[in-house]
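Please look over the sequence and the three-dimensional structure shown here before reading the report.

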Amino acid sequence: MKEPMELHELFAALDDARQIDPKGADAQTIQKRTLEQLTLGDREERPVRRLPRKFFLTGLAAVLAVGLAACTCAVSARVWGVRLFDRQEKQQLQKPLYAVSTSTSQPGEESGERLLAGFSAEILDVDWLEKNDVLFFDEVGTVCGVANSDGMEFPAFVFDNGEIAILTKEDGSGWVLEEGSALTLSLRQNTKDNPQASPGGDRLALGLIVDGIPCELTCGKEKNLEYIYTASEAGEIYFYVQNFSAGPIVIEDVAVTS
């Protein structure tokens, strides 16, 4: 609101004798001075700061959108049974079923002793490993599969640098192949739920164990791996995967099919 202005402030400039007509006050001069004083008063008044109209409308639209989304979730939960995952459920989704191994030693073990878990001690020729000083087979565990119509599928697992997971059937046995018969191994690295993973996949080795002796087949950073093995002779074989990255690798969708 503008401050009131006294009339003597409007006509103060007319006190100058040079601007007074001897025959009386000049009406045009009075009008001009009055308008100048009013204009000056407008300029000196501090303007009211208002939020630009477009910003106001944008903010209003955002508030309405959030409100609508919340209402939609609430209605969906009641009508269709849809609800959001809470924090604990999200963590459970990202947690693999089990780890192959979690340390290099266990209580009662001597320093430097190999860590063999599951059926690994029966599958590997430990004497051959010691004789050939195969250091990378110090931490080994087994992952048992479940039979389906196509072959064997395996649960998700996580393992750290240097650790090895041997894939077996439910009873810990391997695959008995005739010469020329083939098996296909496929797996996927879950990089989405692994904060330490490279987006394109981490270095992973795939190998074969025949008569207790391991042999590497391939090694690379393929996020999705598929390998077809054709037996050169009859015998029982096992597949193994080994983590050659700097951090943990989460393995999912593992299957062995014929």
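The report below goes from the chain as a whole to strand pairing, aromatic rings, nonpolar cores, salt bridges and one loop residue.

## The chain as a whole

The structure is a predicted model, and the description that follows should be read with that in mind. The protein chain has 258 residues, of which 30% count as buried, and its secondary structure amounts to 6 helices and 14 strands. Its accessible surface is about 17600 Å², with 54% of that area belonging to carbon and sulfur atoms.

Among the contacts in the protein chain with a separation of 6 or more, 70% are made by residues that stand 24 or more positions apart. Several of the pairs described below, including the one formed by Trp-175 and Phe-239, link distant parts of the chain in this way.

## Strand S3 and its partners

Strand S3, which covers residues 139-144, is mostly covered, since 5 of its 6 residues are buried under the cut-off of 20% relative accessible area. Strand S2 (residues 115-116) runs parallel to S3 and is joined to it by 2 bridges; in this pairing Leu-115 stands opposite Glu-139 of S3.

S3 is also paired with strand S7 (residues 164-168), again in a parallel arrangement, and here 5 bridges join the two strands. Thr-142 has Ile-166 of S7 as its bridge partner, and this Ile-166 appears again below as one of the residues in contact with Phe-239.

## Aromatic pairs around Phe-239

A search of the whole structure finds 6 aromatic pairs. A pair of aromatic rings is described by the distance of the centres and the angle of the planes. For Trp-175 and Phe-239 the ring centres are 6.3 Å apart and the planes meet at 55 degrees, so this pair is classed as tilted. Trp-175 belongs to strand S8 (residues 175-177) and Phe-239 to strand S13 (residues 235-243), 64 residues apart, and the pair thus links distant parts of the chain. Both of these residues, Trp-175 and Phe-239, are buried.

Phe-239 forms a further aromatic pair with Tyr-229, which is edge-to-face, with 6.4 Å from centre to centre and 90 degrees between the planes. Because Tyr-229 lies in strand S12 (residues 224-230) and Phe-239 in strand S13, this pair ties together parts that are 10 residues apart in sequence. Tyr-229 is buried, as is Phe-239, and the two belong with Phe-154 and Trp-175 to one aromatic cluster.

## Nonpolar cores

In soluble globular proteins, nonpolar side chains tend to be buried together. In this model the largest nonpolar core has 26 residues, and those with the most contacts inside it are Phe-157, Phe-159 and Phe-239. Strand S14 supplies the largest share of this core, with 4 residues.

The surroundings of Phe-239 can be listed in part: leaving aside neighbours within four places in sequence, its contacts include Ala-165, Ile-166 and Leu-167, as well as Leu-183, Leu-185, Leu-206, Leu-208, Leu-217 and Val-256. A second, separate core has 11 residues, among them Ile-123, Leu-124, Ile-209 and Tyr-238.

## A salt-bridge network at Arg-188

The structure contains 2 salt bridges. In one of them the side chains of Glu-252 and Arg-188 meet at 2.6 Å, N to O; since Glu-252 lies in strand S14 (residues 249-257) and Arg-188 in strand S9, the pair ties together parts that are 64 residues apart in sequence. The side chains of Asp-253 and Arg-188 also meet in a salt bridge, at 2.7 Å, N to O, and this pair likewise links distant parts of the chain, with Asp-253 in strand S14 and Arg-188 in strand S9, 65 residues apart. Because the salt bridges share partners, Arg-188, Glu-252 and Asp-253 are joined into one network.

How exposed or buried are the members of this network? Glu-252 has a relative accessibility of 19% and therefore counts as buried, whereas Arg-188, with a relative accessible area of 25%, is partly exposed. Asp-253 is also partly exposed, with a relative accessible area of 48%.

## A buried loop residue

Asn-194 lies in the loop between strand S9 (182-189) and strand S10 (204-210). With a relative accessibility of 7%, Asn-194 counts as buried. Not counting residues up to four places away in sequence, Asn-194 touches Pro-248, Ile-249 and Val-250.

Technical notes. Residues numbered from 1 in each chain as written. Predicted model: local features only at pLDDT ≥ 70, side-chain atom pairs only at ≥ 80, totals over all residues. Heavy atoms only, no water. Buried < 20%, exposed > 50% of the residue type's maximum accessible area, 1.4 Å probe, protein only. Pairing = 2+ DSSP bridges. Contact = heavy atoms within 4.5 Å. Areas by Shrake-Rupley, 256 points an atom, 1.4 Å probe, with all protein chains shown as cover. Phe/Tyr/Trp six-rings, centres within 6.5 Å; stacked < 30°, edge-to-face > 60°. Salt bridge = Lys/Arg side-chain N within 4 Å of Asp/Glu carboxyl O. Core = buried A, V, L, I, M, F, W, Y, C linked by side-chain atoms within 4.5 Å.
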